[in-house]
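Let's take a walk through this structure together. Keep the 3D view open and turn it as you read.

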Amino acid sequence: MKPNVIGEILSIIPQERVLTDLADRYTFSYDASFGEYLPDVVVQPHTTEEISRLVKLANREIIPVYPRGSATSLSGGPLPVKGGMVLDMSRMNQKLEIDTENMLAIVSPGVLTADIHRQAEEAGLFYPPDPSSSHVSTIGGNLLENSSGPKGLKYGTTKEYVIGLEVVTPMGDVIRTGGKTVKNVTGYDLTRLIVGSEGTLGIVTEAILRLIPKPPSRKTLLAAFDRFEDSGYAITRILSSGILPAAMELMDQACIRAVENYQPSGLPVEAEALIIIEVDGHPAAVEEEIRRCEEICRGQGANTVTVARDEKERETIWKARKMVSPAITQMGPTKISEDATVPRSQIPAMMKRLRQIADKYRLNLVVFGHAGDGNLHPNIITDKRNEEEMKRVEDAVTEIFEAAVELGGTLSGEHGIGVLKAPYMEMELGPIGLDMMKKIKEAWDPNQILNPGKIFPEPGQTRVVLRQNES
Ligand SMILES: Cc1cc2nc3c(=O)[nH]c(=O)nc-3n(C[C@H](O)[C@H](O)[C@H](O)COP(=O)(O)OP(=O)(O)OC[C@H]3O[C@@H](n4cnc5c(N)ncnc54)[C@H](O)[C@@H]3O)c2cc1C
């Protein structure tokens, strides 16, 4: 980057928030996925005005700009793949207002999602989107990835709760979309266009989130199955019985054993599958629904069903589920985490395909996920230094996406496209669908400065390359 550009950045942002040292820049070269890319400069803005001026400068000089929250992206979303400027949005965390009268939260993008959960609940309200990373990820990152978690089954994803945004456009202008009203049908829904756009169409500098009343009661159960298929039938039966649980999570045997090896939690290691079900709502309805869920699980062959008797037991069950990700990380040096999603009726078929793929490519593949909404997390445990195995991983990942799309599903239910899934976009969208998306990008960002190298495949790119010495 030209020295005069750094000089101009320093005229916008004080020196202590402009990082040019190699060591500092390395700290911003990765996320939670794969690959490292060194930015030329890291800037830590505090205000919308600062961001607007930086983006105008980047347009004049044609410098790539990479917004970044906490960098927990599993798809390469914030990676500065073309160098340029990383905008560290985590420092823009000044505002977290709960407006109880209108049941809203008004937040800066760098606020941690768990802080919104906590403050909303203190006011008797509830912000449902609950990615497992919510204690470390920013609401900005959640918005741009349209993140969700176990509660997505009943309450939907982040986009259902965003009703207004302040956005710095890729040209550096500041716009407001939506507002504080729950109803708003004025023109195109730009709020929904920005949410889930992975930082390619604008930089979110403030968001207005809808809150709902906190459910007064909840109950959780854990059911263990000797046969994997039976857990799938139990899930389908519960969902077709008129009960809509708040969450319905699935763990396969490899996950159960990984958790027990990592931190013994009393899980049945001989079980082929576990499901965790939580229902919430009016206390009387909750009692009746958890009883029905227990009955259905037993009827479908569950050999044990444990209903948590109090909050402590509930937490123990959820702790085991939350342990899955760190536990499987211990199984090998590299974890490739996918989130292909299928219609829920296709979960058994997808599980079968995943097992066939693991056998065909001789890979260590574990599966957990949000069974109620078809969002599975096949994780391949591998070693990125092993070139030959990484080639097999690439083939397996490609087949996992093919399987999901063939079964009527999608490349990503949660983690976004980023760099890692970009080569497969046409597989799901078709050439015209993909072209329509590219036209939107070109209209918003004619100089292609905002998060370039994401979502759209590079020319000729048809599959992911995970081997280190290949570009
Ligand atoms: C252990 C673990 C568990 C996870 N569990 C879940 C889960 O349950 N559900 C789920 O959905 N995801 C999950 N994730 C993925 C990840 O946490 C989410 O995608 C999260 O929303 C990313 O937030 P972040 O603050 O880390 O954003 P980053 O990773 O820094 O960025 C994500 C994307 O948003 C863009 N961006 C960030 N801030 C802004 C902004 N203000 N304006 C414009 N663009 C911006 C970036 O350019 C990038 O494209 C998990 C990740 C890990 C490591």
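What follows goes from the ligand site to a loop and then to a pair of helices.

One thing to keep in mind: this is a predicted model. Start at the ligand, which has 33 residues around it. Which of them come nearest? Look for Pro67, Gly69, Thr72, Ser133 and Ser148. Sort the whole shell by class and you get 18 polar residues, 11 nonpolar ones and 4 charged ones.

Now zoom in on the backbone. Ala71 has a backbone N or O atom 2.8 Å from an oxygen atom of the ligand. Ser132 also puts a backbone N or O atom 2.8 Å from a ligand oxygen. Over at Val204, a polar backbone atom sits 3.0 Å from a nitrogen atom of the ligand. As for cover, the ligand on its own has 980 Å² of accessible area, and the protein covers 92% of that.

Which elements give two or more residues to this shell? They are strand 3 (65–68), helix 5 (139–145) and strand 10 (203–210). Helix 5 supplies the largest share, with 5 residues.

Next, hop over to Gln94. You'll find Gln94 in the loop that links strand 4 (85–88) to strand 5 (96–99). Leaving aside residues up to four places away in sequence, Gln94 touches His46 and Ser108. To place Gln94 relative to the ligand site, use Gly69, one of the residues that come nearest to the ligand. Gln94 and Gly69 are 25 residues apart along the chain, and their C-alpha atoms are separated by 14 Å.

Last stop: two packed helices. In general, such a pair is described by the angle between the axes and the distance between them. Here, helix 8 (residues 228–239) packs against helix 10 (residues 283–299) at about 145°, with the axes 9 Å apart. Is the crossing left-handed or right-handed? The crossing of helix 8 and helix 10 is right-handed. Helix 8 brings Ala234, Arg237 and Ile238 to the contact, while helix 10 brings Cys293, Ile296 and Cys297. By class, that contact has 5 nonpolar residues, 1 charged residue and no polar ones.

Note on methods
Residues numbered from 1 in each chain as written. Predicted model: local features only at pLDDT ≥ 70, side-chain atom pairs only at ≥ 80, totals over all residues. Heavy atoms only, no water. Axes fitted to C-alpha atoms, helices over the stretch in contact; angles between N-to-C directions. Helix = DSSP H or I, 4+ residues; strand = E, 2+ residues; numbered from the N terminus. Left-handed = near helix turned anticlockwise from the far one by under 90°. Contact = heavy atoms within 4.5 Å. Nonpolar A, V, L, I, M, F, W, Y, C, P; charged D, E, K, R; others polar. Near = heavy atom within 4 Å. Polar contact = N/O pair within 3.5 Å; in protein donor to acceptor, adjacent residues only side chain to side chain. Areas by Shrake-Rupley, 256 points an atom, 1.4 Å probe, with all protein chains shown as cover.
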